[in-house]
Amino acid sequence: MSTEQMTTEQIAELVDAYRRWNAIIVRLWRQDIQGHIYMSRIFEIEAQYPCCILATYHVKRQLEQMSIPVHAVYFGTKSRVILIEIMADKEKAEEINRKLKEDIPVSGWLVVEQRYEEDGTEEQRSQVESN
């Protein structure tokens with residue numbers, strides 16, 4: 001159905017659903033993920049990678065269940081994706097990232113080692129193959 005065919009009531013319902021989704025994203029980021037990023041970036045990354053914030057929440061929960069401490073969650077300035085920095089070395093972080101990408105196939109997030117230095121490949125590495 002095109003937007004021209006939508007009734008005023010349908011458009012109002014869609015706007016309301018969008019507002020509720022935005023509220024969920026903000027709550028997840030602030031309260032559950034406790035990430036470090038300006039709120040405008042949240043909506044930017046969510047627009048580019050739909051469900052990325054929800055996926056990040058689930059990744060953080062999975063890491064906690066695996067007893068892997070999360071050092072920080074932030075928006076990469078070079079990469080423009082969400083970086084989830086864990087207290088582990090590079091090899092361990094890459095292994096965990098591969099496993100979690102299989103379980104949570106959403107682009108826009110990447111598990112990295114502690115004291116990670118961005119190199120510009122993060123956006124490509126955060127991508128998930130579409131089936």
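1. A word on charges to begin with: Lys and Arg count as positive here and Asp and Glu as negative, while His and the chain ends are left out. On that footing, the chain carries 16 positive and 22 negative side chains. The centres of these two sets lie 4 Å apart. Please keep in mind that the model is predicted.

2. Now for the overall layout. The chain holds five helices and three strands, and reading from the N terminus the order is α-α-α-β-β-α-β-α. Its C-alpha trace spans about 55 × 30 × 25 Å along the principal axes.

3. On burial and surface, 40% of the 131 residues of the chain count as buried. The chain exposes about 8,300 Å², and carbon and sulfur atoms supply 49% of that area. As for contacts, if you take those between residues at least 6 apart in sequence, 58% join residues at least 24 apart.

4. Strand β3, residues 109-113, deserves a look. Five of its five residues are buried, so the strand is largely enclosed by the rest of the structure. Trp-109, Val-111 and Glu-113 point one way from β3, whereas Leu-110 and Val-112 point the other way. You may like to check Glu-113 on screen: this residue is among the buried ones, and Glu is counted as negative.

5. What does β3 pair with? Its partner is strand β2, residues 82-86, and the two run in the parallel sense over five bridges. Within that pairing, Ile-84 has Val-111 of β3 as its bridge partner.

6. The link between these strands comes next. Helix α4, residues 90-103, joins with β2 and β3 to make a β-α-β unit, and the unit is right-handed. Glu-95 sits in α4. With a relative accessible area of 45%, Glu-95 is partly exposed, because that class covers values between 20% and 50%. The C-alpha atoms of Glu-95 and Val-111 are separated by 9.3 Å, and the two residues are 16 apart along the chain.

7. Finally, a loop residue. Ser-79 lies in the loop between β1 (70-75) and β2. Is Ser-79 buried or exposed? Its relative accessible area is 2%, and the cut-off for buried is under 20%, so Ser-79 is buried. Setting aside neighbours within four places in sequence, Ser-79 is in contact with Glu-118, Glu-122 and Glu-123. That makes this loop position a good place to end the tour.

Methods. Residues are numbered from 1 along each chain as its sequence is written. This is a predicted model: local features need pLDDT of at least 70, side-chain atom pairs count only at pLDDT 80 or more; totals for chains, interfaces and linings use all residues. Side-chain values use heavy atoms; hydrogens and water are left out. Buried means under 20% relative accessible area, exposed over 50%, partly exposed in between (1.4 Å probe, protein chains only). Helices (H or I, at least four residues) and strands (E, at least two) are DSSP runs, numbered from the N terminus. Two strands pair if DSSP finds at least two bridges between them. A crossover is right-handed if, with the strands pointing away from the viewer, the path from the first strand over the helix to the second runs clockwise. Contact means heavy atoms within 4.5 Å. Accessible areas come from the Shrake-Rupley method with a 1.4 Å probe; for residues, only the protein chains shown count as cover. The place of a charge is taken as NZ of Lys, CZ of Arg, CG of Asp or CD of Glu.
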